[in-house]
Amino acid sequence: MSAYKTISDFYSEDKKRTASVIKNLSTNRYSVSVKSDSGSTFSALFENIDDAEDYAEGWVTHSDYYYDTERNK
């Protein structure tokens with residue numbers, strides 16, 4: 001059984017896009033759970049908190065530009 005802890009929450013200025021950084025206490029890995037302005041949700045896994053929080057902040061502040069740039073690295 002895994003235990004989880006919410007580390008931080010991020011919101012867009014209009015509060016339509018959200019992201020939460022969650023730590024899995026069993027594995028010490030991080031996930032980012034995001035919700036788009038249309039209501040779609042998904043999550044992404046990260047090995048460290050810095051990458052997880054950067055992703056979460058990028059999700060709510062930079063919209064599609066951030067993800068197109070990240071995808072093409």
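Visitor: Which residue of β3 stands opposite Ile22?

Guide: The residue opposite Ile22 is Ser31, which belongs to β3. This is a predicted model, and every value given here is computed from it.

Visitor: Why is Ser31 called buried?

Guide: The relative accessible area of Ser31 is 17%. The word buried applies under 20%, so Ser31, at 17%, qualifies. Ser31 is placed in strand β3. Beyond its neighbours within four places in sequence, its contacts are Ser20, Val21, Ile22, Ala44 and Leu45.

Visitor: What makes β2 and β3 a pair?

Guide: Two strands count as paired with at least two bridges between them. β2 and β3 have 7 bridges, so they meet the condition, and their sense is antiparallel. The two strands also form a hairpin with 4 residues between them.

Visitor: How do you know that β1 and β2 are paired?

Guide: The condition of at least two bridges applies here as well. β1 and β2 run antiparallel and are joined by 7 bridges, so they count as a pair. One position along this pairing has Tyr4 opposite Asn24 of β2.

Visitor: How many bridges link β3 and β4?

Guide: There are 6 bridges between β3, which covers residues 29-35, and β4, and the pairing is antiparallel. Val34 stands opposite Phe42, a residue of β4.

Visitor: What order do the strands of the open sheet take?

Guide: The 4 strands are arranged as β1-β2-β3-β4, with antiparallel pairing. From one strand to the next, the twist averages 20°. Along the sequence, the chain reads β-β-β-β-α, which comprises 4 strands and 1 helix.

Visitor: Why are β1 and β4 called edge strands?

Guide: β1 (4-11) and β4 (41-46) each pair on one side only. That is the property the name expresses.

Visitor: Why is β2 described as largely enclosed?

Guide: Of the 7 residues of β2, 5 are buried, so the rest of the structure largely encloses this strand. One residue of β2 (18-24) is Ala19, whose contacts include Phe10, Val32, Ala56 and Trp59.

Visitor: Which residues have the most contacts inside the largest nonpolar core?

Guide: They are Phe10, Ala19, Val21, Val32, Phe46, Ala52 and Ala56, in a core of 13 residues. At least two residues of the core come from each of β2, β3, β4 and α1 (49-71). α1 gives the most, with 5 residues.

Visitor: Why is the pair of Phe42 and Trp59 called edge-to-face?

Guide: Ring planes over 60 degrees apart count as edge-to-face. The planes of Phe42 and Trp59 stand at 90°, so the term applies. The ring centres are 5.3 Å apart, and pairing requires centres within 6.5 Å.

Visitor: What does the pair of Phe42 and Trp59 tie together?

Guide: Phe42 is in strand β4 and Trp59 is in helix α1, so the pair links parts that are 17 residues apart in sequence.

Visitor: How do the two residues count in accessibility, Phe42 and Trp59?

Guide: Phe42 counts as partly exposed because its relative accessibility is 35%, a value between the cut-offs of 20% and 50%. Trp59, at 8%, counts as buried. The charged end of Arg17 sits over the ring of Trp59, 3.9 Å from its centre.

Visitor: What makes the pair of Phe46 and Tyr55 tilted?

Guide: Planes under 30 degrees apart count as stacked and those over 60 as edge-to-face, with the rest called tilted. Phe46 and Tyr55 have 50° between their planes, so they are tilted, and their centres are 5.2 Å apart. Both of these residues are buried. The search of the whole structure finds 2 aromatic pairs.

Visitor: Why is Lys15 called exposed?

Guide: Exposed means over 50%, and Lys15 has a relative accessibility of 59%, so the term fits. Lys15 is in the loop between β1 and β2. Its phi is near 65°, a positive value in a residue other than glycine.

Visitor: Why does Asn28 count as partly exposed?

Guide: Its relative accessibility is 45%, which is neither under 20% nor over 50%, so the intermediate term applies. Asn28 lies in the loop between β2 and β3, and its phi is positive, near 60°.

Technical notes:
Residues numbered from 1 in each chain as written. Predicted model: local features only at pLDDT ≥ 70, side-chain atom pairs only at ≥ 80, totals over all residues. Heavy atoms only, no water. Axes fitted to C-alpha atoms, helices over the stretch in contact; angles between N-to-C directions. Buried < 20%, exposed > 50% of the residue type's maximum accessible area, 1.4 Å probe, protein only. Contact = heavy atoms within 4.5 Å. Core = buried A, V, L, I, M, F, W, Y, C linked by side-chain atoms within 4.5 Å. Phe/Tyr/Trp six-rings, centres within 6.5 Å; stacked < 30°, edge-to-face > 60°. Lys NZ or Arg CZ within 6 Å of the ring centre and 35° of its normal.
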